[in-house]
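The following exercises train the reading of a protein model, from the whole chain down to single strand pairs. Please attempt each task before consulting its solution.

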Amino acid sequence: MPAFRQVGEKQLPQEVVFMAWSPKRDLIALANRAGEVLLHRLANFQRVWSLPPNENTGKEVTALAWRPDGKILAFGLSDTKRIILCDVEKPESLHSFSVDSSITYMHWMEVTEESSVLTSFYNAEDESNLLLPKLPALPKNYSTTAKIFSEEKSDEIMKLLGDVRLNALVLGGSSGFIEIYAYGMFKIATVTGVAGSCRGLCLSSDLKSLSVITEIQDSSDSEAEITYFQLDTSLLSSYLPEVTRMARKFTHISTLLQYIKLSLTCMCEAWEEILMQMDSRLTKFVQEKNTTTSVQDEFMQLLLWGKASLELQALLMNQLTVKGLKKLGQSIESSYSSIQKLVISHLQSGSEALLYHLSELKGMALWKQKYESLGLDASGIEEAITAVGSFILKANELLQVIDSSMKNFKAFFRWLYVAMLRMSEDHVLPELNKMTQKDITFVADFLTEHFNEAPELYNRKGKYFNVERVGQYLKDEDDDLVSPPNTEGNQWFNFLKNSTHLKESPLLFPYYPEKSLHFVKRQMEGVIDQCLQKPADVIGKSVHQAVCMSLYKTSQSEDSTPQLFKLPFLWNDKTSNIHYVLFTILENSVSKIYILRRHTDTSRSVSNGILALEFGNFLNNSISESSDSRCYSCLDAHFYDDETVTVVLKESVEQEGKERILAQLPLSSVYTDEDRDREFIWDCTKRLDEQSSEIPTHTVFLENQWRVLENMKAQYVAVNGIRKVSCVLSSNLRHVRVFEMDVEDDGEVEEEEEEEITQIAAGEPDELNQSADNQDNVCGAPAEELPDEAEEHESSLDP
């Protein structure tokens with residue numbers, strides 16, 4: 001009788017390189033060779049959404065990890081060296097950041113340690129929610145990058161931060177690269193001292209230990225050596241309440257920086273290229289006119305005498321036109337109003353919130369007894385606060401420039417519109433014809449300041465004029481502003497200039513009149529990143545190596561196997577605080593499975609040990625009794641839960657018609673004798689595979705927790721003990737089968753089906769089981785008859 005019930009099967013169009021079950025829902029994430037990330041539900045293996053590769057994020061997915069609450073999926077891309085955090089509800093990037101190495105493995109864990117200090121912190125309401133206004137949502141009519149903060153009904157920042165309880169995303173890459181990101185967003189540790197390319201990571205739930213599996217290869221033609229490292233991370237554990245508070249602040253700050261960046265992106269999109277039309281038309285006019293009269297004088301004559309040269313008339317009536325002038329005026333007013341609103345409502349509120357959190361972080365840094373050991377530096381945070389102040393000053397300067405430009409352009413266009421109507425001998429409305437001496441003076445001042453020809457400007461920007469003054473603030477360039485604000489006659493500037501004490505006062509934010517808003521924003525980001533980088537360095541240096549074990553050498557034939565499917569597999573038992581390492585070693589054409597146990601407290605030797613497992617014959621009719629009892633090789637193994645390992649087996653002697661087997665291995669049947677795994681004394685000078693004959697070996701005879709995988713060359717498995725599901729992948733990486741693992745036999749299945757019919761008749765359908773039953777016909781079909789994934793319809797996440 002089959003031990004597990006099949007609920008889905010699919011032939012996929014692309015080879016799968018990684019799969020990971022959601023920890024909280026019946027969803028499985030897949031990454032394929034095309035760089036696509038897909039989300040499928042358990043029932044019928046139905047696709048929920050797909051996220052295709054793009055040039056901005058990357059095309060080569062090399063790692064996947066779920067946040068412990070199942071609301072965010074993280075994946076790493078090797079070609080762009082970026083980490084993307086994606087919303088489970090829809091295929092959209094919520095947050096992304098760059099790393100210094102190609103990521104080869106990632107692990108996302110949640111802290112389970114409890115204390116009175118932590119409990120009070122978890123239960124306390126975040127004061128920032130009470131003291132700071134809620135950040136306004138970004139407009140939806142701009143770039144897709146702004147979608148993250150464009151939802152009115154949900155607080156996207158809180159979605160990113162998740163629960164208050166600390167969780168950490170651990171990243172491993174090539175050349176010993178290991179970094180830990182609190183809440184998956186801000187780096188709190190850069191770990192050094194580990195050699196090789198990372199093949200597996202596991203940070204214990206008590207934060208005392210980090211287990212790492214690496215692949216060390218001396219040269220391209222030599223065999224790679226698989227090595228296990230256990231690192232002591234006791235500083236994180238000792239200062240858990242402080243690390244949690246600090247990390248929470250870091251992620252608030254990181255999210256606000258992204259909010260400000262996206263606000264600035266929306267401002268850049270609100271500024272239109274049509275606003276440059278006046279500058280380009282005037283430049284062309286200078287290049288084509290035959291007279292020596294300056295452009296400024298031409299317009300001044302039109303203002304004072306009401307007469308324009310033939311060339312100016314041609315420029316205004318033929319190139320600019322009355323209709324074009326009205327359109328330009330409307331574009332400027334609309335664009336400037338949108339930018340003004342974004343600065344006032346988004347940029348300023350985001351900057352003020354950033355100041356608040358940095359000031360709180362400074363207060364934490366001054367509590368040296370608690371936070372000095374973690375590397376918080378009050379002076380560095382003070383520099384970050386100063387940089388945010390400078391950014392706010394520059395944003396206020398932009399507001400003044402917008403306000404001034406709107407007034408100037410309005411008066412200028414109104415006068416020019418009337419002048420052009422007169423040139424075309426059209427009727428001028430009486431209310432437009434009224435122009436006071438004050439209005440004439442205002443337009444004259446505007447012409448004097450903005451219509452000066454500047455040959456040096458032509459060398460820089462390819463134009464002689466800079467009539468439009470707002471766009472220069474939104475350019476992401478290191479060059480100085482083309483037309484910085486005029487500070488002559490400003491009493492405050494003169495006062496500061498003449499005061500030697502106030503010039504260097506820490507109470508005053510530095511002001512950069514020559515720089516753009518983008519430049520000051522980049523400078524602010526650099527200072528904040530540098531200030532928050534120190535804790536990551538200090539915590540990283542506190543991590544030290546406790547154990548280093550050379551396990552075995554890999555054969556060159558494995559190179560075609562996707563890196564993400566290769567054993568070893570790491571598991572953290574939260575209850576007993578033990579790290580398990582699963583791996584296989586080929587001996588006499590049989591792959592034995594080895595289980596290495598290490599306690600997370602590196603100072604203790606209790607529960608440390610190693611045991612080898614081989615699988616005896618449990619299909620009595622499959623081999624002759626004279627055959628070797630060690631008849632099964634282990635292809636893949638993963639921890640189903642703390643007490644069970646799920647394995648994929650094959651008969652060691654390949655014969656036609658021999659099937660692969662999916663089995664559950666209870667650890668209670670393995671560790672029957674507590675002293676069995678302590679008999680082996682490790683020789684540190686040798687690799688483990690060189691000492692395999694001395695390792696205690698336990699032969700396992702499975703009873704009823706197994707199932708033959710018919711018509712499938714199964715090779716890999718992904719499991720989720722919380723949801724009691726597994727997904728088996730074939731050796732060609734395209735054929736998948738999904739199982740519910742808690743079904744005992746067909747008799748029970750039939751009973752469940754009868755119950756479902758009763759429920760449906762009573763008006764209480766059970767959707768999951770119903771969808772599973774509908775799949776029965778598909779489950780029994782051979783692989784060739786299965787529908788292609790490209791033909792299926794995407795389903796909604798909502799049941």
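**Exercise 1: The chain as a whole**

The chain contains 20 helices and 29 strands. The model is a predicted one.

Task. Determine what percentage of the residues count as buried, and what share of the exposed area carbon and sulfur atoms supply.

Solution. Step 1: a residue is called buried if its relative accessible area is under 20%. Step 2: by this criterion, 54% of the 799 residues are buried. Step 3: the area exposed by the chain is about 36,400 Å², and 47% of this comes from carbon and sulfur atoms. Step 4: for contacts between residues at least 6 apart in sequence, 65% link residues at least 24 apart.

**Exercise 2: A sheet of four strands**

Task. State the strand order of the open sheet that contains E6, and identify its edge strands.

Solution. Step 1: the order is E6-E7-E8-E9, and the pairing is antiparallel. Step 2: strand E6 (61-66) and strand E9 (93-98) each pair on one side only, which makes them the edge strands. Step 3: on average, neighbouring strands in this sheet are turned by 20° against each other, direction ignored. Step 4: E6 is joined to strand E7 (residues 72-77) by five bridges, and the two run antiparallel. Step 5: Trp66 has Leu73 of E7 as its bridge partner.

**Exercise 3: A second sheet**

Task. Describe the open sheet that contains E10, and give the bridge partner of Ile103 in E11.

Solution. Step 1: this sheet consists of four strands in the order E10-E11-E12-E13, paired antiparallel. Step 2: its edges are strand E10 (103-110) and strand E13 (186-191), each of which pairs on one side only. Step 3: neighbouring strands of this sheet are turned against each other by 20° on average, direction ignored. Step 4: seven bridges connect E10 with strand E11 (residues 167-173) in the antiparallel sense. Step 5: the partner of Ile103 in E11 is Gly173.

**Exercise 4: A helix on the sheet**

Task. Establish which strands of the second sheet H5 touches, then compare the span of this helix with the expected value.

Solution. Step 1: H5 packs on the sheet and touches strand E12 (178-182) as well as E13. Step 2: the direction of H5 makes about 120° with that of E13. Step 3: helix H5 (residues 240-270) has 31 residues and spans 45 Å from its first C-alpha to its last. Step 4: this span is close to the 45 Å expected at 1.5 Å a residue. Step 5: H5 is mostly covered, with 26 of its 31 residues buried.

How values were computed:
Residues are numbered from 1 along each chain as its sequence is written. This is a predicted model: local features need pLDDT of at least 70, side-chain atom pairs count only at pLDDT 80 or more; totals for chains, interfaces and linings use all residues. Side-chain values use heavy atoms; hydrogens and water are left out. Buried means under 20% relative accessible area, exposed over 50%, partly exposed in between (1.4 Å probe, protein chains only). Contact means heavy atoms within 4.5 Å. Accessible areas come from the Shrake-Rupley method with a 1.4 Å probe; for residues, only the protein chains shown count as cover. Two strands pair if DSSP finds at least two bridges between them. Axes are lines fitted to C-alpha atoms, for helices over the stretch in contact, and angles run from 0 to 180 degrees between N-to-C directions. The expected span of a helix is 1.5 Å times one less than its number of residues.
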